[in-house]
Amino acid sequence: MFRPSLWANELEYRRTVLKVVLCIIIFAGSIFVVNNWLNGFKIYALIELAVVLFSVGLLAIHKKTPNLTLWSSFFLFAVYTVILIGIFTVAFKAALYTWLFLIPVLSYLLLGITLGNVFTCVYVFAGVAILCKALLGETSEIPVISVVNISLCLSAIWALSYTYESKRAAMVEQLQQMASLDPLTGLNNRLLLDSSFEMLCESLPERQRTVSMLLIDLDHFKKVNDKYGHHVGDKVLIEVASLINETRRLNDWAFRLGGEEFCMLIPDTSEVQAQNIAERIRLAVEKTITIDDIPINISISIGVSHWPSNGKTLNQLYKLADDRLYRAKEAGRNRVIAH
């Protein structure tokens with residue numbers, strides 16, 4: 001489900017993590033470049049220098065790039081490749097293999113569960129394969145206990161990193177749903193209206209850049225609550241929301257704005273088409289429904305506005321649709337006003 005504004009904090013979280021990691025890599029990598037150059041590993045030092053320079057460039061753009069996951073993938077590919085080259089070309093040092101411990105941590109923090117699994121599996125298994133190759137070498141002097149320690153620590157860090165990120169992602173998803181969905185009807189709530197409208201306006205092709213707004217209000221809903229109680233009124237709202245959801249097209253957006261007021265955003269429609277859709281919804285709702293064995297007559301009034309012909313902003317569209325909804329109420333209710 002599209003939640004651009006609400007997911008902004010999630011992206012900001014990953015940007016902050018990437019910034020911290022980049023600063024660490026730039027600092028540590030610069031030390032390793034100098035150390036390896038002075039110790040005669042000049043090719044490896046140049047490779048590390050390339051990673052440091054790439055990290056500096058990424059640090060400069062990480063706040064604004066819309067392709068954060070892509071750049072993070074390139075960055076991790078470069079860092080992990082340098083780690084594997086190092087442990088493959090240098091004689092066994094337990095301290096060097098400890099850099100493998102970073103792989104699951106960084107992969108899940110920067111890429112999430114799915115892509116993080118891919119990077120972790122590929123590079124951890126590659127690192128372990130290099131370690132096993134060195135262990136089985138004819139002149140191997142690697143203590144078996146060192147291999148066991150590295151393997152156990154790597155497994156533990158992998159398991160902890162996966163568990164943390166999966167639980168964190170599940171909690172974020174739950175919070176997103178709580179924040180973006182109306183708890184009574186399951187429709188989108190008012191928080192998503194602005195961002196959904198902006199997304200529709202920006203994503204539609206030039207020849208299809210139209211969005212219609214339907215502002216829907218139940219007629220005489222207060223009488224239902226007063227006569228039958230709020231528990232029956234809630235069930236009426238759920239039934240109307242269900243009818244709206246069943247009637248809308250796949251690409252249409254439905255919202256509960258509060259109380260008995262609903263809204264729909266309908267992309268790629270003419271004014272006549274939007275009016276016809278509104279009329280179809282009105283007819284779908286206009287019937288007697290049974291709630292707790294109580295027959296209740298339900299009808300709705302709808303005001304329709306159209307972007308961009310009726311306004312350039314969401315507020316302009318909403319005001320015009322609200323004015324037309326008021327006119328529908330004044331004209332006797334149970335009707336659509338689109339002009």
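Leaving aside its neighbours within four places in sequence, which residues is Leu76 in contact with? I will come back to that after a word on the model.

What we have here is a predicted model, in which local features need pLDDT of at least 70 and side-chain atom pairs count only at pLDDT 80 or more, while totals for chains, interfaces and linings use all residues. Residues are numbered from 1 along each chain as its sequence is written, and side-chain values use heavy atoms, with hydrogens and water left out.

The chain holds 11 helices and 8 strands, where helices (H or I, at least four residues) and strands (E, at least two) are DSSP runs numbered from the N terminus. Its radius of gyration, taken over C-alpha atoms, is 29 Å, well over the 20 Å that the globule rule (2.2 Å times the number of residues to the power 0.38) gives for 339 residues, so the chain is more spread out than a compact globule.

Now to the interior. The largest nonpolar core, meaning buried Ala, Val, Leu, Ile, Met, Phe, Trp, Tyr and Cys residues joined through side-chain atoms within 4.5 Å, has 36 residues, and Phe75, Leu76, Tyr80 and Leu100 have the most contacts inside it. Buried here means under 20% relative accessible area, with a 1.4 Å probe and protein chains only. Helix 5 (102-135) is one of the helices that each supply at least two residues of this core, and the largest share, 11 residues, comes from helix 5.

As for Leu76, its contacts (heavy atoms within 4.5 Å) beyond those sequence neighbours are Leu106, Ser107, Leu110, Leu111 and Phe119. Apart from the largest core lies another, of 31 residues, among them Ala241 and Val285.

Note on methods
Buried < 20%, exposed > 50% of the residue type's maximum accessible area, 1.4 Å probe, protein only.
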